[in-house]
Amino acid sequence: MIDSQSALPLIIDAHEPDSLVKLLSQSAEVEVQNLNIEGKADYLWICCDGHTAQIERERVGTILSDIDSIEAELSRHVEGADETILLVGEGVVVPTQFGADVFVQSEEKPYFRLYRRFGSSQKPQMGLYTRLMSWLWQIDKAGISVYTTGNLLGTAQTILALYRASQKLEHTTFKRYLRPSPVPF
């Protein structure tokens, strides 16, 4: 067991955005390495019980552009740690009659703007959003947890929350709400 007071660093792939590295380094000890070359995902750390966890961060637009290559990348990374997480970040996907629209947060204002339309404006493609949701469900069933975020700050906070939670030996989430069942006579 690793003492949570002396938590090991959060290792970040060298190809991740500098702005995200800066956000994460404000709240955790981070190291930047070439993780993808080693067959690992974008973020890697050792949990308090000694198992390794990693996060593959993908933008929702990137996934919609080429689900198959993202799946191939995940299959290469899944052997790189004991636990793998897919973080679908920095955008909101909305189904449309012709496919799906992806919205991203504007840099100047706290509003979301249309980033890209996926699908064809010529013929309805109601299945694109459904395909994405089905694929994410299958990823989860394959043992890869899936989380989504709307912007870069949400991505940083999610990574930190997962990293910090993994450094705790004990959690109280269900202990607060579940009471032991009475023992029958």
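Let's start with the neighbours of Ala53: leaving out residues up to four places away in sequence, Ala53 touches Tyr43, Leu44, Trp45, Cys47, Ala81 and Glu83. Keep in mind, everyone, that this is a predicted model. Ala53 sits in strand S4, which covers residues 52–59. Is Ala53 buried or exposed? Its relative accessibility is 0%, so Ala53 counts as buried. Here is a long-range pair, too: Leu162 is 109 residues away from Ala53 in sequence, yet their C-alpha atoms are 9.4 Å apart in space.

Strand S4 comes up again when we turn to helix H1. This helix runs over residues 18–25, and its buried residues are Leu20, Val21 and Leu24. Looking down the axis of H1, you'll find those buried residues within an arc of 100°, so they line one face of the helix. On the other side of H1, Asp18 and Lys22 are exposed. And what do the buried residues of H1 pack against? Their partners are strands S1 (10–13), S2 (30–33), S3 (43–46) and S4, together with helix H5 (152–166).

Now, my last stop is a pair of helices. H3, residues 67–77, packs with H4, residues 127–141, at an angle of about 10°, and their axes are 12 Å apart. Because angles under 35 degrees count as roughly parallel, H3 is roughly parallel to H4. On the H3 side, the contact is made by Ile67, Asp68, Ile70, Glu71 and Leu74, and H4 brings in Arg131, Leu132, Trp135 and Ile139. Sorted by class, that contact has six nonpolar and three charged residues, with no polar ones. Thanks, and I'm happy to pull up any of these on screen!

Key: Residues numbered from 1 in each chain as written. Predicted model: local features only at pLDDT ≥ 70, side-chain atom pairs only at ≥ 80, totals over all residues. Heavy atoms only, no water. Helix = DSSP H or I, 4+ residues; strand = E, 2+ residues; numbered from the N terminus. Buried < 20%, exposed > 50% of the residue type's maximum accessible area, 1.4 Å probe, protein only. Contact = heavy atoms within 4.5 Å. Arc of directions from axis to C-beta. Axes fitted to C-alpha atoms, helices over the stretch in contact; angles between N-to-C directions. Parallel < 35°, antiparallel > 145°, perpendicular 65-115°, else oblique. Nonpolar A, V, L, I, M, F, W, Y, C, P; charged D, E, K, R; others polar.
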